Amino acid sequence: MTLHRRALLAGTAAALAGERALAQGTLQGTLQARPPVRVSDDVVQPLPKSAPGADLEVIDLWPDLPPGGGGPYRSEYRFDETLTGVVTGVVRPCLLVIRPERPNGAAMVIAAGGGYRRIDIGNEGLPVGHWLAKGGITAFVLIYRLPLEGWRDGADAPRQDAQRAMRLVRWRAEEFGLDPDRIGVLGFSAGGHLAGTTATDAEQDLYDDLDEADGLSARPSFAGLIYPIITMRAPYDRTISSRKVLVGDDPPDARRRAYSVEVQVNARTPPIFMVQASDDKIAITDHPLLMHAALRAAGVPVEMHLFERGGHGFGLGVPGSPAAAWPGLFMAWMRGHGLLKA
């Protein structure tokens, strides 16, 4: 049961009536709700403060409603969030910003997992963001739309959000003290699938340009895929939740391929770092192995670590477990690629 929601700060009665009409499919124009209370331009302070990450800066991805239309009806909130940091009911996709005390110019957009049915920022988003910030990396935790929540663009809705997030962070690089060439994406499970599609398919524009930010590249400079969902192709499509959400129960081969990350790899794909546990029963090891083979064939730099134990959803890793080594390995990999310049 959802215990808390992050507030949008309610708009006028007319705006609320307009959103109700939109939810019923009767609104033809663009909704113009009263904007939230501003801390600075495009940055707002969310309420209430009892949910994980509620004290963070928030950047809305879209100036108005997200592209395509549809979505869940929640007039007052960006998204619903439990006390453990599980997000659903995403109305306004956004970025939660975690600033380091000593930024080194690198940044990461983080996509937590949840089978494209929810987003577990309590396990894979916020802890990872704070860990990155300790290393000088500015972290942006992505709250992306969930396809089954009524978005008319369906499986492409989260991909639109990820593209927009990369462009928006790059556009605001000077404000955050970032190097536009050192902005990466880090994804877990289904979020790893989203990060992978963003890295491999960035040149395919999934929405119409809205502003100057959309003139910039959505291609990340590098990507980390942690126990990622990679392929929708049989016989490896045992990730039932993500597969059903993205392509359905019995999709044609063309649709399976369209949402399989390894199929989209090309020579312009950025360097990739991958982590997987051999005893993962959800994203079986074939997923990163297929991706590794595709990256090698395309001549893309790739590093992969397969741990004997860890299962699925281990986040930063249980202390003392083999999988807990991956954060240090990832930092070393980034340094080796010149991504953590002082």
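Strands E11 and E12 (residues 223-226) run parallel to each other, paired over 4 bridges. This is a predicted model, so here's a quick tour of E11 and its neighbours, then the aromatic contacts.

**Strand E11 and its partners**
- On the E12 side, Leu 186 has Gly 224 as its bridge partner.
- E11 also pairs with strand E8 (residues 107-111), again in the parallel sense, this time over 5 bridges.
- In that pairing, Val 109 finds its bridge partner in Val 185 of E11.

**How covered is E11?**
- E11 spans residues 183-188, and 6 of its 6 residues are buried.
- Side chains in a regular strand alternate between the two faces of the sheet.
- Here neither face is left open: Ile 183, Val 185 and Gly 187 are buried on one side, and Gly 184, Leu 186 and Phe 188 are buried on the other.

**Aromatic contacts**
- There are 12 aromatic pairs in the structure.
- Take Trp 62 and Tyr 207: their ring centres sit 4.8 Å apart with the planes at 85 degrees, so this pair is edge-to-face.
- Trp 62 is in the loop between strand E4 (57-60) and strand E5 (77-81), while Tyr 207 is in the loop between helix H6 (190-200) and E12, so the contact ties together parts 145 residues apart in sequence.
- Trp 62 is buried at 4% relative accessible area, and Tyr 207 is buried too, at 7%.
- Phe 188 of E11 turns up again in an aromatic cluster, whose members include Trp 131, Phe 222, Tyr 227 and Trp 333.

**A charge over a ring**
- Arg 145 places its charged end over the ring of Trp 151, 5.0 Å from the ring centre.

Terms used:
Residues numbered from 1 in each chain as written. Predicted model: local features only at pLDDT ≥ 70, side-chain atom pairs only at ≥ 80, totals over all residues. Heavy atoms only, no water. Buried < 20%, exposed > 50% of the residue type's maximum accessible area, 1.4 Å probe, protein only. Helix = DSSP H or I, 4+ residues; strand = E, 2+ residues; numbered from the N terminus. Pairing = 2+ DSSP bridges. Phe/Tyr/Trp six-rings, centres within 6.5 Å; stacked < 30°, edge-to-face > 60°. Lys NZ or Arg CZ within 6 Å of the ring centre and 35° of its normal.
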